[in-house]
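Colleague: Could we go through this model together, with the cut-offs stated as each term comes up?

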Amino acid sequence: DFDSLPWPPEANKICIVYGFHTREDHTKSIEYLQAVEESLSKRFAVSFETHENADDALRYMSHAKYFIPSGGGFSRLCANMVAYNRGTIIRAA
């Protein structure tokens with residue numbers, strides 16, 4: 001539930017970063033992204049960013065001012081880079 005996250009008061013936009021790196025059917029993932037966008041757009045201007053290359057995605061995300069990690073290892077790596085660059089990691093309480 002995104003409403004329970006400790007949002008910084010000055011945050012007014014959010015970028016969802018995603019990538020599809022296989023050729024399988026991504027219908028369920030697209031539906032999930034749309035549901036996340038619908039939920040977040042009640043509070044933020046939402047944009048999407050995608051990269052064909054994981055290095056480019058890491059570079060982009062590591063410079064986030066605020067970062068909400070997902071549960072995977074790549075997201076954990078990105079969160080570590082955000083923290084290293086003095087960004088803020090937002091986690092559910």
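Colleague: Which residues do ring pairs link into a cluster?
Modeller: Rings of Phe, Tyr and Trp (its six-membered ring) pair if their centres lie within 6.5 Å, and by this rule the count comes to three aromatic pairs. This is a predicted model, in which local features need pLDDT of at least 70 and side-chain atom pairs count only at pLDDT 80 or more, while totals for chains, interfaces and linings use all residues. Residues are numbered from 1 along each chain as its sequence is written, and side-chain values use heavy atoms, with hydrogens and water left out. The cluster joined by ring pairs consists of Tyr18, Phe20 and Phe48.

Colleague: Is the pair of Tyr18 and Phe48 stacked or edge-to-face?
Modeller: Planes under 30 degrees apart count as stacked, over 60 as edge-to-face and the rest as tilted. Tyr18 sits in strand S1 (residues 13-18) and Phe48 in strand S2 (residues 45-50), 30 residues apart, so that the pair links distant parts of the chain, where strands (E, at least two residues) and helices (H or I, at least four) are DSSP runs numbered from the N terminus. The ring centres of Tyr18 and Phe48 are 6.1 Å apart and their planes stand at 80 degrees, so the pair is edge-to-face.

Colleague: Is Tyr18 buried or partly exposed?
Modeller: Buried means under 20% relative accessible area, exposed over 50%, and partly exposed in between, with a 1.4 Å probe and protein chains only. Phe48, at 35% relative accessibility, counts as partly exposed. The relative accessible area of Tyr18 is 27%, so Tyr18 is partly exposed.

Colleague: Is H2 parallel or oblique to H3?
Modeller: Two packed helices are described by the angle between their axes and the distance between the axes. Here the axes, which are lines fitted to C-alpha atoms, for helices over the stretch in contact, with angles from 0 to 180 degrees between N-to-C directions, come within 9 Å and cross at roughly 40 degrees for H2 (residues 54-61) and H3 (residues 73-84). Angles under 35 degrees count as roughly parallel, over 145 as roughly antiparallel, 65 to 115 as roughly perpendicular and the rest as oblique. That crossing therefore makes H2, relative to H3, oblique.

Colleague: How many nonpolar residues does the contact of H2 with H3 have?
Modeller: Contact means heavy atoms within 4.5 Å, and it is made by Ala54, Ala57, Leu58 and Met61 of H2 with Phe74, Leu77, Cys78, Met81 and Val82 of H3. Ala, Val, Leu, Ile, Met, Phe, Trp, Tyr, Cys and Pro count as nonpolar, Asp, Glu, Lys and Arg as charged, and the others, Gly among them, as polar. With no polar and no charged residues in the contact of H2 with H3, the nonpolar count is nine.

Colleague: What is the relative accessible area of Ser62?
Modeller: Ser62 lies in the loop between H2 and strand S3 (66-67). Leaving aside residues up to four places away in sequence, Ser62 touches Met81, Val82 and Asn85. Ser62 is buried, and its relative accessible area is 4%.

Colleague: How far apart in space are Gly87 and Ser62, C-alpha to C-alpha?
Modeller: Gly87 lies in the loop between H3 and S4, and touches Ala64, Lys65 and Val82 when residues up to four places away in sequence are not counted. Gly87 and Ser62 are 25 residues apart in sequence, and their C-alpha separation is 8.4 Å.
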